[in-house]
Amino acid sequence: MADTEKNEKVVSGEFQEINSDDLNNEPEAINSANNSGDNREAIKIITSSGHSHHHSSRGGKRSKRHRRKNKKVLKRVLIIIGILLLLAAAIAACGFAVLYNSGKNELKHDAVKIEAPEKVESVDDGKYVYYKGGKYKFNPDIMNLLFIGIDENNGNETDGIGNNGQSDVLAIAAINSEKSKVTIINIPRDIMTDVKVFSPSGGYSGTEKMQIALSFAYGDGGDTSCVNTMAAVRSLFYNIPISSYFALKMEGVPELNDSIGGVDVKSTETIRIFEKGEKYHLEGSDALLFVRARDMYTVDANLKRNLRQRVYLNAFIKKFVNKTKGDIGVPISVFNATKPFSFTNLNANKITYLATEFILNKDMKIEMKSIPVTVEKKGENAANYVKEDEFYEMFLDTFYDKVDK
C-alpha cells in the first residue's frame with residue numbers, strides 16, 4: 001500500500017501544478033502587477049530628447065480596455081483548450097470501449113459440447129447436468145485463460161521425450177465478470193490424461209495417456225506446443241472452451257519477479273536455501289529457485305512444489321494488482337520484462353478486457369484451487385490420478401450455476 005499512496009501523491013501533485021483555478025487567476029495577477037508603482041515606471045515613453053512623459057488618463061483607459069480584452073482572449077483560449085481536452089477524453093474513451101468490447105467478444109466462444117463423467121446425466125450438449133439431486137447450468141460467459149510455465153530442461157532430465165521442454169506450471173484462470181470473481185485452478189504437471197502425439201515430422205499419431213506436462217514437448221517449443229497443451233487441458237476439463245494462453249519460460253521468472261520490485265513469500269517446506277515457515281523477499285534468481293526447486297527422490301515432490309508455486313503466484317498477483325491500481329504503467333513494464341521469454345495469442349483487444357476485469361475491477365475476488373489427485377510412482381517418475389468426484393464438484397462450482405428444476 002505504501003507504493004500506492006506514494007503514486008497517488010505524485011499524481012495529485014501533478015494535477016495541482018496544472019490546476020485550472022490557477023490558470024484562471026493569472027489575469028488578476030497580471031492586473032495587480034500592472035497597477036503597482038514599479039510597473040507604472042514601465043509604461044513611461046522615452047522621447048528622443050531624453051525627457052519622459054506619462055500617459056494621459058485617456059491612454060490609461062485604453063490600457064485597461066486592452067487588459068480586459070486580453071483577459072477575455074485568455075478565457076476563450078482556456079475554454080477552447082478545455083473543449084479539446086474533453087473531446088480527446090471522449091475519443092480515448094470510445095477507443096477504450098472498442099478495445100474492451102472487441103476483447104470481450106473475442107474471448108467468448110461458440111457453442112461447444114461439454115462432457116461429463118459417465119454417472120452424471122447431461123443434456124443439451126452439456127448445457128445442463130444433473131448431479132446428486134441438483135440441476136446445474138453451464139455459464140457460457142466465463143472467460144478461460146491458460147497460464148503455462150515452460151521448463152526447457154525438465155524433459156531431458158526426467159523423461160527424455162521431446163526436446164522442446166515441458167509445461168512445469170499449468171493453471172486456468174476462469175474469469176466470471178458477473179460474480180466479480182477469478183478462480184485460478186492449479187493443474188499438477190504429473191496428472192495422467194490424454195495427450196495428442198505427433199511424429200518428429202509433425203504427423204499426428206493419435207493420443208496417449210501420459211503426464212500432462214509432456215503435451216508441450218509435442219510441438220515447436222512455442223505456439224504449436226501451447227496449442228497442444230491447451231488441447232490436453234480441455235480434455236482434462238471435460239472439453240470446456242479455452243482459446244487463449246500466456247506461456248512463460250521459467251528462465252524469465254527473475255525478470256517477471258523484479259519487474260514489480262520482488263515478491264514476499266512464506267516457504268511451505270524446507271528445501272535448498274528456504275526453511276519451512278520462514279518469510280522471504282524474493283529477488284532475481286531466488287524467485288526462480290523458489291518456484292522451480294523440488295526433491296527428485298520423493299514421489300510427492302511436485303505436489304510440494306505446486307504448493308510453493310501457488311504461494312508465489314498468489315503473492316505476485318496481489319502485489320501486481322495493488323501496484324497497477326497506483327500506476328497503470330505497471331502491466332507494460334511487466335510485459336516488456338517478460339516479452340523475450342513468453343508466448344501468447346492475446347492481442348490488444350483481449351488484454352484491454354482482461355486488464356479491466358482482472359486488475360481495475362476493485363470488487364474482483366481471487367480464489368486459488370488445485371485439482372485433487374492421488375500420487376503413484378510409474379517407473380522412475382510420479383503419476384497423478386484425478387480424484388474424479390472431488391474434481392467434478394470443483395468443476396461444477398467454477399463453471400456451472402445451480403438452478404431450480
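**View 1. Overall make-up of the predicted chain.** Residues 24 or more positions apart account for 63% of the contacts in the protein chain that have a separation of 6 or more, a contact being heavy atoms within 4.5 Å. This is a predicted model, in which local features need pLDDT of at least 70 and side-chain atom pairs count only at pLDDT 80 or more, while totals for chains, interfaces and linings use all residues. Residues are numbered from 1 along each chain as its sequence is written, and side-chain values use heavy atoms, with hydrogens and water left out. The protein chain has 12 helices and 18 strands, which are DSSP runs numbered from the N terminus (helices H or I, at least four residues; strands E, at least two). Of its 405 residues, 39% count as buried, that is, under 20% relative accessible area with a 1.4 Å probe and protein chains only. The chain exposes about 22800 Å², of which carbon and sulfur atoms supply 53%; the areas come from the Shrake-Rupley method with a 1.4 Å probe.

**View 2. The six-stranded open sheet.** The strand order is 14-11-6-7-8-15, and the pairing is mixed; two strands pair if DSSP finds at least two bridges between them. Strand 14 (342-344) and strand 15 (365-370) stand at the edges with a single partner strand each, so one side of each is left without a neighbour in the sheet. Neighbouring strands of this sheet are turned by 15 degrees against each other on average, direction ignored, where the axes are lines fitted to C-alpha atoms (for helices over the stretch in contact) and angles run from 0 to 180 degrees between N-to-C directions. Within the sheet, strand 7 (residues 166-176) and strand 8 (residues 181-186) run antiparallel and are joined by six bridges, and Ala 173 has Ile 184 of strand 8 as its bridge partner.

**View 3. The four-stranded open sheet and helix 12.** This sheet has the order 3-4-5-18 with antiparallel pairing, and its edge strands, strand 3 (121-123) and strand 18 (400-403), each pair on one side only. The twist from one strand to the next averages 30 degrees. Four bridges join strand 5 (residues 134-138) to strand 18, with Phe 138 standing opposite Tyr 400. Helix 12 (residues 388-399) packs on the sheet and touches strand 4 (128-131), strand 5 and strand 18, its direction making about 135 degrees with that of strand 4.

**View 4. The nonpolar cores.** The largest nonpolar core has 43 residues, of which Ile 187, Phe 237 and Phe 399 touch the most other members; such a core is a set of buried Ala, Val, Leu, Ile, Met, Phe, Trp, Tyr and Cys residues joined through side-chain atoms within 4.5 Å. Among the elements that each supply at least two residues are strand 6 (143-151), strand 9 (192-198) and helix 6 (223-236), whereas the largest share, six residues, comes from helix 12. Apart from its neighbours within four places in sequence, Phe 399 is in contact with residues including Phe 138, Ile 142, Ala 174, Ile 185, Phe 237 and Ile 240. Another core, of 21 residues, lies apart from the largest one and includes Leu 248, Val 253, Phe 274 and Ala 287.

**View 5. Two loop residues with positive phi.** Asp 124, in the loop between strand 3 and strand 4, has a phi near 55 degrees, a positive value in a residue other than glycine. Tyr 238, placed in the loop between helix 6 and strand 11, likewise is not a glycine and has a positive phi of about 55 degrees. Tyr 238 is buried, with a relative accessible area of 8%.

How values were computed:
Buried < 20%, exposed > 50% of the residue type's maximum accessible area, 1.4 Å probe, protein only.
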